[in-house]
Each structure stands twice: as C-alpha cells, then as structure tokens.
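User: Got a minute to go through this one with me? I'd like to start with the ligands.
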Amino acid sequence: TKADPAKGQQIVQQVCVACHGADGNSSAPINPNLAGQHPEYLFKQLKAFKENKLRKNPTMFGMTATLTEDDMRNVSAYLSQQKPKVLEGSKPDLQELGKKIYKVGNPATGLPACAACHGPKGGGMPAQFPRLGGQHAEYTITQLNAFRKGERANDPGETMRQIALKMTDKEIEAVSNYLVGL
Ligand code: HEM
Ligand code: HEM
C-alpha cells in the first residue's frame, strides 16, 4: 500500500510533537530534526528502534512499540515532506575545521570526506544516506559517539563505525557544528 502522509501527520502531532515538533523541526538540540529527511532512512531507523537491537534508545523504543509498519511508513512520508528550518551555524571557531572534515576528510588519518555520501550540501542521497545539514550539533555528536562505541550499528558493513573510529573528539565537535548551518 502507498504511504498516507495525512495519517502520518496525525501521529506526529499527537505523539511525537513534544520532542520533534509538529512539522519535524525539533526545539531541543538532543532531539533530532526530522523534517526533509529521506523517508526510507526514517522508516529504517523507526524499525531499528522498535527491534531494540541495532539502535537502542529507551525513549524511541517506547515510542515505536505501538507503531505498525504502516504507521511508520505514513509518519516517514509526512516528515520527509516537511520543510527543514534554516539554522545558523554555531561556534565560529570550529567552522573552518568542520568544513574541511566535511568536504575533504583528513588524508593523514584516512578519514573520508563526508560529502562523498552525504552530498555536497548535506542533503544526503536517497535512499541510504541521511541528510545531515540543519541538524543540531548535540544530536550529531551523540550519534558519532554512538557509532564509535559500537552502540549504534545499523548500516551494513558498519561504514559509519569505521568512519567515526577515525575521528578525534575535536573533529567530531567541529563537523557537527559546521553541519548546523549547512
Ligand atoms: C530519534 C521519530 C517521538 C526523542 C528519532 C529518530 C526518528 C524518530 C526517526 C531517528 C532520527 C535520525 O536517525 O536522524 C519519532 C517519531 C515519534 C517520536 C515518529 C512519534 C511516534 C519522540 C518523543 C521523544 C523523542 C516523544 C521524546 C520524549 C527522540 C530522541 C532521539 C530520537 C532523544 C535520538 C535517539 C538517539 O540518540 O539515538 N525519533 N520520534 N522521540 N527521538 Fe523520536
Ligand atoms: C549516517 C555523519 C561520512 C554513510 C550518518 C549519521 C551521521 C553521519 C551523524 C547519522 C545521521 C542521523 O542520525 O540522522 C558522517 C560524517 C562523515 C560521514 C560526520 C564524515 C566524517 C560518511 C561516508 C559514508 C557514510 C563517507 C559512505 C561511505 C552513512 C550511512 C548512514 C550514515 C549509510 C546511515 C546509517 C544508518 O542507516 O544508520 N553519518 N558521515 N557516511 N552515514 Fe555518515
């Protein structure tokens, strides 16, 4: 069956709104912005939370417990169609390093350019590669640390774990702050 964004909107505005906003633009920086994210990626993450294996988060485990696969498809369709809010880049002193990591990587440590998979403007690439632009730095830092520690492990081949393991704390902080305004 085809996804129904109107049904997804109802769920978002009743259940998810407090943390992710009525249109997927969250208010608190620990809660990810979901507006404009690729629907296939969102669906995959919702399943991962519900199964509580590859991605573990007590809050999102609870939130997905009662969602059916149709609910998850509908919610993902609705959120993907919302307009992401434009945010200002944070921490000016980290922007230059963040941009370098994003566009070039770090040849000295074999860190690849994020842009290769997440797109030159941070928009990601459907369906596998999520949009990173306009995301809260605090959330992005949490995810990169989770990949590094092996606590988040849901991409085949563990691509993001291998990448995060090559990053220093400073590089993680810099690229995450750069991405806010991208
Ligand atoms: C993460 C959807 C309700 C807090 C996520 C992600 C999705 C999602 C798709 C992953 C985003 C990504 O990978 O970029 C939803 C939906 C909800 C809902 C559809 C309603 C049915 C809530 C509520 C809260 C919340 C009510 C707060 C009480 C969080 C947090 C994360 C998250 C803290 C990050 C988890 C982590 O670090 O892995 N949510 N959410 N969500 N959500 Fe929700
Ligand atoms: C997911 C950051 C490079 C492939 C993610 C996420 C972040 C991230 C924060 C999670 C997004 C979210 O939760 O909303 C970065 C950074 C990079 C980088 C900072 C550069 C240092 C790459 C490269 C590839 C890649 C080069 C491809 C070879 C992926 C994939 C996912 C992902 C497939 C989805 C994982 C899943 O389904 O859970 N990345 N990335 N990334 N990234 Fe990257």
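User: Which residues are the closest to ligand 1?
Analyst: This is a predicted model. In it, Cys-16, Cys-19, His-20, Tyr-41 and Met-60 are the closest. The full surround is 22 residues.

User: What's the mix by class in that shell?
Analyst: Nonpolar residues number 15. Six are polar and one is charged.

User: And which helices supply at least two residues each?
Analyst: Helix H1 (5–20), helix H2 (39–51), helix H3 (58–64) and helix H7 (137–148). H2 gives the most, with five residues.

User: Back to Tyr-41. How far is its side chain from an oxygen atom of the ligand?
Analyst: An N or O atom of the Tyr-41 side chain sits 2.6 Å from an oxygen atom of ligand 1. Gln-143 also has a side-chain N or O atom 2.9 Å from a ligand oxygen. For Tyr-139, a polar side-chain atom is 3.1 Å from an oxygen atom of ligand 1.

User: Switching to ligand 2. What are the protein donors of its iron atom?
Analyst: His-118, through NE2, and Met-160, through SD. They lie 2.0 to 2.2 Å from the iron.

User: Where do those two sit in the fold?
Analyst: His-118 is in helix H6 (residues 115–118), and Met-160 is in helix H8 (residues 159–165). So the pair ties together parts that are 42 residues apart in sequence.

User: Are they buried or exposed?
Analyst: Both His-118 and Met-160 are buried.

User: Why is the arrangement around that iron octahedral?
Analyst: Because the six donor atoms around the iron atom of ligand 2 subtend angles of 85 to 179°.

Notes:
Residues numbered from 1 in each chain as written. Chains lettered and ligands numbered in written order. Predicted model: local features only at pLDDT ≥ 70, side-chain atom pairs only at ≥ 80, totals over all residues. Heavy atoms only, no water. Donors = N, O, S within 2.8 Å, 3.2 Å for Na, K, Ca; no water. Tetrahedral: all angles 85-135°; square planar, octahedral: opposite > 155°, others 65-115°. Helix = DSSP H or I, 4+ residues; strand = E, 2+ residues; numbered from the N terminus. Buried < 20%, exposed > 50% of the residue type's maximum accessible area, 1.4 Å probe, protein only. Near = heavy atom within 4 Å. Polar contact = N/O pair within 3.5 Å; in protein donor to acceptor, adjacent residues only side chain to side chain. Nonpolar A, V, L, I, M, F, W, Y, C, P; charged D, E, K, R; others polar.
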